[in-house]
Every structure is written in C-alpha cells, then in structure tokens.
Protein chains: 2
Amino acid sequence: MWAFASDGDLEEGVSGEASSLAGTQELGNLVLVYDDNRISIEDDTTVAFTEDVGKRYEAYGWHVQHVDDGEDLAAVDAAFAAAKAETSRPSIIVLRTIIAWPAPNKQNTGAAHGSALGDDEVKATKEILGFDPEQTFEVAPEVIEHARTAVDRGQEAHAAWQEDFDAWQQSNPDRAALLERMTTRSLPEGFAQKLPSWDADRKGVATRKASGEVLAALFPELPELWGGSADLAESNNTAVKGEPSFVPASRQTKMWSGGPYGRILHFGVREHAMGAIMNGIALHGGTRVYGGTFLTFSDYMRGAVRLAALMQLPVTYVWTHDSIGLGEDGPTHQPIEHFAALRAIPGLDVVRPADANEVAVAWRTVLENNDRPAGLLLSRQNLPVFDRGDAGSAEGVARGAYVLAPASNEASGGTPEVILMGTGSEVQIAMAARDRLEADGIPTRVVSVPCVEWFAEQDDAYKNEVFPPTVRARVSVEAGVPMGWREFVGDAGRIVGLTHYGASAPYTVLYEKFGLTDEAVVAAARESI
Amino acid sequence: MWAFASDGDLEEGVSGEASSLAGTQELGNLVLVYDDNRISIEDDTTVAFTEDVGKRYEAYGWHVQHVDDGEDLAAVDAAFAAAKAETSRPSIIVLRTIIAWPAPNKQNTGAAHGSALGDDEVKATKEILGFDPEQTFEVAPEVIEHARTAVDRGQEAHAAWQEDFDAWQQSNPDRAALLERMTTRSLPEGFAQKLPSWDADRKGVATRKASGEVLAALFPELPELWGGSADLAESNNTAVKGEPSFVPASRQTKMWSGGPYGRILHFGVREHAMGAIMNGIALHGGTRVYGGTFLTFSDYMRGAVRLAALMQLPVTYVWTHDSIGLGEDGPTHQPIEHFAALRAIPGLDVVRPADANEVAVAWRTVLENNDRPAGLLLSRQNLPVFDRGDAGSAEGVARGAYVLAPASNEASGGTPEVILMGTGSEVQIAMAARDRLEADGIPTRVVSVPCVEWFAEQDDAYKNEVFPPTVRARVSVEAGVPMGWREFVGDAGRIVGLTHYGASAPYTVLYEKFGLTDEAVVAAARESI
C-alpha cells in the first residue's frame, strides 16, 4: 500500500490518528511518501507547521527515512526499496522537495500550490528542462515506447496470476465460492433465518443490546463481517463475545486475544480515523465493516461519513446512546440535532429502530444494501418489545415507515382521525398516547418511521397507504430538533421534539421535564385535529 | 495555563493538531499534565495506543518531562516547578499513574474507567489508605484547617492585585475604558458607521470579498477583533492587509510579518483545532475571534462548533465557498447538506448574505450578539449588488428575513400572488424569476432569508408581514438539500434545491444542469399558484 501526503495532510488530526494506529497495528505493507515541500496555501509553513515529522513518526513506531533532495532519483529509489523491504512496521519517507521545481519564478511559493503556473512560467520552465517551449504535451517517441512496455509486462504478470488463481479456484471450490460472494458483495442464502427475534416484553431491551445479539448471530454466517468501536466496545455492543481481535499477536491483552485473522477492531478514541479506515476497508473490497461510537461523536467522523456517502461505500455505523435517553452523561453526550444533521447527508441511510425486532430487520436491510453507508441509531436505555400479535410486523422496517398500530376503526373500514409517528425510543410514547386517545374515542394510528430514506424510495401507493392524504391531523415525536418533520406532518400537524440541548439527569426525568410525554403528544394531537 | 489529558484525549486528532500549533507558537505558559495510566474503556491501551507520547511532543518542539510514579509527590512537584520555569515553549509532563490506585481489585482495569468502584471496593480502598471504611466524606480537621488557609492567601493576593489594578486604572483611563469595554464585550459607539457600503452593480462582488472589506474597515475600530484561517487566508479573505500576524518573531516569513501582538492567526490545515482554539480564546474573554475555512470543511470542526453553541461563546466562523458555486473543485468541496446540518445545531446563527450590503449588516449583527456563535456563509463567485433604491434596505438582514422586492401591486395595497424566497447566491435567481413572473402579470414578492435563527426571534406581526399567511403560493430556492424549507413554504409551496452531490464544472454550468434557474423557480411558482 502506497500513500502520498502533503504538509496539509500531516497537519490534519485524522492523519495523526490513523498513523498512530498503523504503528500499533504494525502495518508493514504500508509506505507513506511525505512530500515535504514546506509550502501550503498560506505560503511558507513556518507560520503554522514547524514540528519534526520524522521524529513524530518514530514516536508512532514507524520506520522513518529521510531523502534530502526529491530530485535525487537514486536516493528516492533506494528509499522506496528499503521501505518495501521493511515489513514489520509501516514506513514513511520524508522526501524534501521544492514545489513547482524548477519554475524560475513560482518555485517554492504558495502561489504554485493553489494556482496554475500560467503560460509564461510554463514556457520558462520548459526551457530550463530542455523542452521546446512552444510545444505542449510533447513526449519523445522513446519515452512513449518505453512506457508502453509496461502494458506487456502487466499482461504477462496478469496471465501468470490468472493461471495460479484458476488452479487455486479448482482445488478450493468452497473458498472460491466464498471469495466470489465476497467480491460481489452478495449475501449467503438463508442468512436472515439466523437472526434473533424477541417476544413482546414491556420491560424490554436496549436496542444497542439487541444489535449486539444480531451481530453475534450473524458472525458465523457472514465471515466477511468485521468491525469494532472507537474505545466503546462494551457500550456500543460491537464486540462479539469470544471473537478474536484484529491485533498483532504481541499486542494481545488480558481482555483481548487476537491475531491477523481477528474480526474485532480496536480503533482507540479516534472517531475520524475510524470512519476513514472503514472507507479504506470498503474501497479495498471483499469485507463488510462496521464501527461504533456514541451518536454525538458522529460529529467527529462526519467528514468520513460524507465521503462514504459520496463514494457509495457499504459501511455501517453503530451509533449508540442516541438521545437524551442516555441520561447522566449530560448535554455534551446527548445528541439533539444529529438525527436531522445526518439525514441531511445525501446517500446516507439513517436508521433508528423502535424495538429489538426492528433492530434485526434494520441490520438485515442494511446488509442487503451494498451500495451505500448506513447508520444505526440505538438506545442506551431499555425499550419495550412491542407485541407483534396485534401490531404491524417489524418487516415494515425495510420500507422505512409502516403502520405499527392501526386505529381501532380501521378493521371495520374506518379512517384514523389522527396519525402519530415517531422513531426509536419515542415510538413507545406514541403508542401510549394512542391508548389515551383511543380511550377517549379518537381512532388513532401509530406509524413507526425507522428510516426516512428507505421510505422515500417507496411508491406513492405505499406512501399514501401509510399516510393517507385525507388524514391531515398528524403528530410526530422524536427526541431531537423538529427539522424535517414538517414534510410528514404537514401544515395542520404538530411536531413534538427538542429545540435546545439536554441536561444531566436520569432519562425518565429528562423526558418528563422536556415535555416528551404521551400527555404532550395527546395535547398536540387534539390541537392538530 | 494548566491542562490535564488522558490517554483518550491524546488519541484524538484534535489534540495533535492543537499541540503541534502550540509548539510552533512557542506557548511557554502552557503546561499539559498527561495522566499516563494506559487504561481506557476497552481496558489495556496496548490494543490501540502504543506510541511514545513524550517523543511525539518532543517532535512538536515541547519541553518534555517524565515522572515514572504519579504517587511520588516530590517528583511531581519538581516537574511542575520545572514546567513553570520553562517559558520558551510548552511543557508536557508524562505522569505514569495507575488508574483507581490503590483499590485492591479494580486498580488498573477498564472497569474503573467507566464505572464507580462500588461500596465494597471503596471500603477496601479506604482500609488500605488508613481511613475508617464506615465513614464517608471524612476529612480530618487539620486538613480542613490547612485548606482554609488558601482562602486567606487568595484574599491577600487579590487585595494586592486590586491595589495595583486601581493604580493602573487611574493612570491609564483610556486603556482602562477599553479593557472595561472588552471585558463586558460591548461595542464602541458609532463603530457601524465605518462599515463599507456598495452601489448597485450587476457584475457585483463575491460576498467573501465583501467580508474581507468589512474586516478591513472594522480592524481599526475594534482592537479586540482578531482571527485567521485554516490555511485559506486568501480564499477566505480573513487576513487584513498590512496587519501583523500572531506568530513568534522567529517564525515570521516572507509573506507574514508579526509578533506577540499580531492579530492575524495561522491555524494551519487544522479545522477542528481552529474551532477548539477559538472556543478557548472566547472562554478566556476580552477579545472577539473569527476563523475561516471552506464551508464543506465545517464538518471537520463540527464538534467544536457544537461546544461553542452549547457554551454560548461569541465566536464567528467565516465559511466561504459556500455552494456548488465554487465550481471546479467538485463534489468533495461543494457543500450540499451543510446549510441544513448547521441550522440544526441549537444556538448557532447561520447567516448567508445575498449581496455585499447584506454582508456588512450581517457582520454588524453578529458582533452585536455577544452570547452565541455565528457562521457567515459566503460565496466564492461574484454576486450582483442589488439596487437598494427600489429594493428593501439591507438593514432587514438583522431581522433574519425581509422583503427585498415587493410585488408590483403592493404599492397600491394589493397582495402578492406568490412569494419567492432564497438565501445567498440564490436570491438573484429569485429576483430574475420575479421579473419573468411580473412580466406575465403575476404580482411576485421576493424575500431574502439570510438567517433563519434571527427571523425566528421576531414577533408574529413581523413574521406575518414578511410572509402573509393568506399567500400560500410560495417557492424557496437554495443550492442545498430541501430540509427545513417546508416550514416556510407550507404544504402548497415548492422547494427548489439539490438532493444530490455536486460536480466539477464552471458554476454557471452546474446551476443550469442541476436546475437552479429562474425558469425552474418560475415553473415551481406556477405549480404552487
């Protein structure tokens, strides 16, 4: 693996996070070439970047080489060879260069970083290099001829590899089939039958815990599945019990055994690098990776999440502690705006299951999509497992929104007087509000909306079935900013949410104090009607 | 300045960014005590954090000390004294400790990091320390007495300081008045009269450039104002020409002169640290700080932006290149979801001016608010300067939304048939659509909505004046995800926006291809009517 980095790349914290972990992981096949030209957009980096990069990488446990003149090709070649030969740890080559060399006026300037040299400077540079300044894209025939030999070399190497591969494929049909399945990111038949299910239970189970049980069930079925956490394994329920870790044998600890084939990743407290590393794993292909942290800390990895969405990479975020429901850790840890902020990212599926059975269908659906990232938003606190006898099947999760509880008059062909909707831990509030409204003779439907993006993909017939256009009395309830819900509730609807930060207290107190209650939903429903 | 950090803090990239810059800045009054206990939530940090932290800080140019036993108080005291004595560069003390020492069973475990010890373990620990295990919060009288002498010492020191301060105040009335003004974060009378204004101009000026001119006008008036960029000074227009930089004299470069009283900051390519440092500056008090980067990269600093909003800190973000209007840099650099994602943060003012005169009022209003952060979203490309002769005054910016162009029938007491609204660079599209609709005999009002948060603070009378409830035909236009606009346009309205990522092309091509045109707004208006 070869990576190339500029001064700016090494100033960004994410490269420090990833490089530190690469040192711990002893990634001997990684070579980083650092283009040490000491010029960035604000010109000479002396005003902002004066550290000893080589020494920093020694501190990370890397093999460090310095080449003092980037034009000294023999020295560069030797450094590359030495870096390849070092396989016990990652290598960095600190390659001192001069930006825009040998342009006579623009070399070693910030101007050459952000802008093209311009015609005159290009001509002057060509003269220095012995090219005809009037020619553009001039390439000598012998250079073309030499370059084209690479095609033959490549074809020969590929043919040899293909022969080896065909032989391996023939003598290892099962492993070849697995490789084919992993390469095409298809799922084994029947894997979903291994998913756990939960009986109705008022006390219930935290959706993060249900997610951990889903992972435990999937691990034997899907050898391509691996992942971990940014130092919150136990909180995120991302470490499957008994599974070895992906760590060098020498880095095993009392708590974590492992080796090169371990499937539990330890990212350390490095959310941004976790997101970036997940992108790298997905781009490499073959495996499916997940990574966990608290939902609030999705802010730290947002740059990487956006790139996953832009590149359509099937990575899965396990974001637990997904609301003020986490309680005592207080407002720094309580996501308020994150539901909306993540839904705003084009191409990211934001999935917030309402109970354990929704978690199982959510995980299955996430895995069935192999062309986009998804985030699972999971509760710290227990959530009741809904009675699916008289409630809608959790299969509805795959369609993004579904009728969890029809109004009492629907069986006899009636129309609900009001629709209550919610996500995750607030669906139980909608259900309790429904009981009250029904007791008062108001036929009330509850819709669970685990994934806005999946619902948007449904046809109009289904959308109108879930939200009949004639029913304009609607209330949404979600422990976050109202942003986005007006699309669902319409002008006549009401939104029960939060427009401010949380606080440190037991979660039951917070829900009460902040007005996220069945009483509030009932009141909003009456207003909307 | 004393800072205390754990293993996790030093794993996070933001601490690396800030520490590298602290080295460059030679912050000799900073001491970082690193609690090197090698335990985090996933237990022994060997699985994820094995670097040589002391060596890394040497690479940053820090003074590094190691104390091998955190219980050796004489060694700790000596290290603290040496760190204080070192004033030419920041100091780190790598203090080896054992977490939960001397708890007999929980010491040196991840369990002790995330959970309380429990009654039995607390009792056992008290026994080891020679306390009565049955007593809680037991403090010996001589300890209380000794601690209380700190109050006397503090009062004496404060009285001495007060005497000095009073003397200084009397002999320096002007500087004392300035200090008083800065301490209370009030603004000098008449400062706003120095703000530039622009004549109507179809070719116009980029709002980032207008912002740079505003800063240049404000710098002489507001000595408390300082700021910089994450290595994009020229692009963000954040460096006022001729102003010295805040850098050690030895770090001056050909492009940047400066010293300890410089007012231009160079953060390097470190957006997260920039946000965190701005928070620190604001918490220190006295000055007003701003920091710039491209709007897309607000993602990298989002954690710090959220904390600024949570802590109600008056810091200002200069986020330029605020849409696909930046053109050729392509989708990685083009914000699409950022308007919505930032508006989702409670307590953050998101301000997107439509022309240069809106920029001036926006900056003024941002500075007048001293209890919250604000982001200015500014264009790379030129935007026409609207003719304020027949358009609404830019003063309306301070109210968040205002009538920029009334419908033709309003002067004679008529009601608009449709309201077009937009922000920033898309307001000109609404204005062009208005021309077309008016030409077709449809009385059309245009509302500029630079700041949703400021508009939300207005009274209902003003809100209804800008958006008369009877006018239900409404169209919004903004080069971002539609999220949030339904609140303004209502069920009958239409939203012209983007639901996908951008592309690399000249911005005029992108606007055309992506349907952000006056034709599209006209068509949406006809649908809405």
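This passage describes the contact between chain A and chain B, a sheet in chain A, some unusual backbone features and the salt bridges of a predicted model.

The interface between the two chains draws on 75 residues from chain B and 75 residues from chain A. Between them, chain B and chain A bury about 6,700 Å², and 56% of this area lies on carbon and sulfur atoms. On the side of chain B, the residues that lose the most area to chain A are B:Glu42, B:Arg306 and B:Tyr501, which together account for 12% of what that side buries.

Charged and polar pairs also link the two chains. Twelve salt bridges are counted between chain B and chain A, and one of these is formed by A:Lys55 with B:Glu58, where the closest N and O atoms are 3.1 Å apart. The count of residue pairs in polar contact between chain B and chain A, with both residues at pLDDT 80 or more, is 45. Several elements of chain B each supply at least two residues to the side that touches chain A, among them helix H1 (7-11), helix H2 (13-24), strand S4 (43-44), helix H3 (53-59) and helix H11 (271-284). Helix H12 (302-311), helix H13 (338-343) and helix H18 (486-489) of chain B also belong to this group. The largest share of this side of chain B, six residues, comes from H12(B). When the residues on the side of chain B that touches chain A are sorted by class, 30 are nonpolar, 21 are polar and 24 are charged.

Within chain A, four strands form an open sheet in the order S1-S2-S6-S5, and their pairing is parallel. Strand S1 (2-5) and strand S5 (63-67) of chain A are the edge strands, each of which pairs on one side only. Neighbouring strands of this sheet are turned against each other by 20° on average, with direction ignored. Strand S5(A) runs parallel to strand S6 (residues 91-96) of chain A, to which five bridges join it; at the level of single residues, A:Gln65 has A:Ile93 in S6(A) as its bridge partner. Helix H4 (residues 73-85) of chain A lies across S1, strand S2 (31-36), S5 and S6 of chain A, and this helix runs at about 175° to S5(A).

The backbone shows some further features in the loop that follows strand S6 in each chain. In chain A, the peptide bond that joins A:Trp101 and A:Pro102 is cis, with omega about -5°, and A:Pro102 is found in the loop between S6 and helix H5 (111-114) of chain A. In chain B, the peptide bond from B:Trp101 to B:Pro102 is likewise cis, with omega near -5°, and B:Pro102 is located in the loop between strand S6 (91-96) and helix H5 (111-114) of chain B. The loop between S6 and H5 of chain B also holds B:Ala100, whose phi is near 65°, a positive value in a residue other than glycine.

Over all chains, the salt bridges come to 56. In one of them, the side chains of A:Arg343 and A:Glu478 meet at 2.7 Å, taken from N to O. Because A:Arg343 lies in helix H13 (residues 338-343) of chain A, while A:Glu478 lies in the loop between strand S20 (474-477) and helix H18 (486-489) of chain A, this pair ties together parts that are 135 residues apart in sequence.

How values were computed:
Residues are numbered from 1 along each chain as its sequence is written. Chains are lettered from A and ligands numbered from 1 in the order in which they are written. This is a predicted model: local features need pLDDT of at least 70, side-chain atom pairs count only at pLDDT 80 or more; totals for chains, interfaces and linings use all residues. Side-chain values use heavy atoms; hydrogens and water are left out. Contact means heavy atoms within 4.5 Å. Buried area is the accessible area (1.4 Å probe) that two parts lose on being put together, summed over both. A salt bridge is a side-chain nitrogen of Lys or Arg within 4 Å of a carboxyl oxygen of Asp or Glu. A polar contact is a pair of N or O atoms within 3.5 Å; within protein, one must be able to donate a hydrogen and the other to accept it, and residues adjacent in sequence count only if both atoms are side-chain atoms. Ala, Val, Leu, Ile, Met, Phe, Trp, Tyr, Cys and Pro count as nonpolar, Asp, Glu, Lys and Arg as charged, and the others, Gly among them, as polar. Two strands pair if DSSP finds at least two bridges between them. Axes are lines fitted to C-alpha atoms, for helices over the stretch in contact, and angles run from 0 to 180 degrees between N-to-C directions.
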